[in-house]
Amino acid sequence: MKRILATLSIAAILALAATAQGPQATRAAVQAAPTASNGTLSFEAAMKKTGMKFQKDSEGDFKLEIQWKNEERSQLVFLRGKPAEFQKNGTKEKMREVWSLCWKGDARPEPDLLEKLMTTRYKVGAFQLEKTSEGKYYAYFRMDLPEDLRPGLLDHVVNMVAEVADDMEKELMEGKDDL
C-alpha cells in the first residue's frame with residue numbers, strides 16, 4: 001500500500017502535528033528543551049525531542065535511518081546542520097535542507113528516468129539530480145525546513161521525505177533497497 005503521508009500538504013502536516021501533541025504537551029516540550037538565542041527550540045534539541053535516533057558528523061549535518069518493518073525496507077535521511085539564510089521582507093529567515101537519495105548511477109541517467117523525476121510533483125519538496133566531480137549521478141527528494149520547526153512537525157517531515165524517496169527508489173531501482 002502506498003504511504004499516504006507523502007501526499008499530504010504542509011498545511012495538513014501542521015494541523016496533524018498540532019492536534020497530535022496538543023498545546024500543553026507542546027508548551028512542556030519547549031519549556032524543558034534548550035533554546036536558541038531567540039527563545040525558540042534549538043534545532044539539535046528539536047531533533048532530540050523527536051525521539052528519532054540520529055548521528056551528527058564533523059560538519060554538523062545529521063543522518064537518520066528510517067525503517068519500515070512491515071516492508072523490510074529502510075531509508076537514509078540527511079539534514080543540513082548549518083542553515084541557509086534568506087532575506088524575506090527585511091527579516092532573515094533560516095532554512096535547513098532535508099533530503100534522501102532515491103537513485104544513483106555511474107553514467108548519465110536515461111531520458112525515461114529524467115522524465116519520471118521531472119514530472120512527479122508534490123505540494124512541497126522536489127526531486128533533484130546532482131553530478132559529482134567524480135562523475136557519479138545522484139537523484140534525491142529534498143525539502144527546505146524552517147530553522148525553528150517544532151519537534152512533532154520535524155518528525156512528520158523527515159518521515160515524509162523518507163517515504164517519498166523510498167517510493168521513488170522502488171520504482172527506479174526495480175524494488176531494490178540499496179540507498
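**Loop residues, nonpolar core and helix packing**

Glu 72 counts as exposed, at 73% relative accessibility. The model is predicted. Glu 72 sits in the loop between S2 and S3. Its phi angle is near 50 degrees, a positive value in a residue other than glycine. The two strands that flank this loop, S2 (62-68) and S3 (73-79), each supply at least two residues of the largest nonpolar core.

That core comprises 35 residues. Leu 79, Val 98, Met 143, Leu 154 and Val 158 touch the most other members. Several elements contribute at least two residues each. Among the helices these are H2 (43-50), H3 (111-119) and H4 (151-172). Strand contributors include S5 (91-105) and S7 (137-146), alongside S2 and S3. H4 gives the most, with eleven residues. In soluble globular proteins, nonpolar side chains tend to be buried together.

Val 158 illustrates how the core is joined. With neighbours within four places in sequence left aside, Val 158 is in contact with Met 52, Leu 64, Ile 66, Val 77, Leu 79 and Val 98. Two of these partners, Leu 79 and Val 98, are themselves listed with Val 158 among the residues that touch the most other core members.

H4 also packs against H3. The axes of H3 and H4 come within 12 Å and cross at roughly 155 degrees. An angle over 145 degrees counts as roughly antiparallel, and H3 and H4 are therefore roughly antiparallel to each other. Their crossing is right-handed. On the H3 side, the contact is made by Leu 113, Lys 116 and Leu 117. On the H4 side, Met 168, Glu 171 and Leu 172 take part. By class, this contact has four nonpolar and two charged residues, and no polar ones.

A second loop position was examined beyond H3. Gly 125 lies in the loop between H3 and strand S6 (126-131). Gly 125 is partly exposed, with a relative accessible area of 30%. This value falls between the 20% limit for buried residues and the 50% limit for exposed ones. Not counting residues up to four places away in sequence, Gly 125 touches Phe 141, Arg 142 and Met 143. Gly 125 and Phe 141 are 16 residues apart in sequence, and their C-alpha atoms are 6.9 Å apart in space. Another of these partners, Met 143, is one of the core residues that touch the most other members.

Conventions: Residues are numbered from 1 along each chain as its sequence is written. This is a predicted model: local features need pLDDT of at least 70, side-chain atom pairs count only at pLDDT 80 or more; totals for chains, interfaces and linings use all residues. Side-chain values use heavy atoms; hydrogens and water are left out. A nonpolar core is a set of buried Ala, Val, Leu, Ile, Met, Phe, Trp, Tyr and Cys residues joined through side-chain atoms within 4.5 Å. Buried means under 20% relative accessible area, exposed over 50%, partly exposed in between (1.4 Å probe, protein chains only). Helices (H or I, at least four residues) and strands (E, at least two) are DSSP runs, numbered from the N terminus. Contact means heavy atoms within 4.5 Å. Axes are lines fitted to C-alpha atoms, for helices over the stretch in contact, and angles run from 0 to 180 degrees between N-to-C directions. Angles under 35 degrees count as roughly parallel, over 145 as roughly antiparallel, 65 to 115 as roughly perpendicular and the rest as oblique. A crossing is left-handed if the near helix is turned anticlockwise from the far one by less than a right angle, and right-handed if clockwise. Ala, Val, Leu, Ile, Met, Phe, Trp, Tyr, Cys and Pro count as nonpolar, Asp, Glu, Lys and Arg as charged, and the others, Gly among them, as polar.
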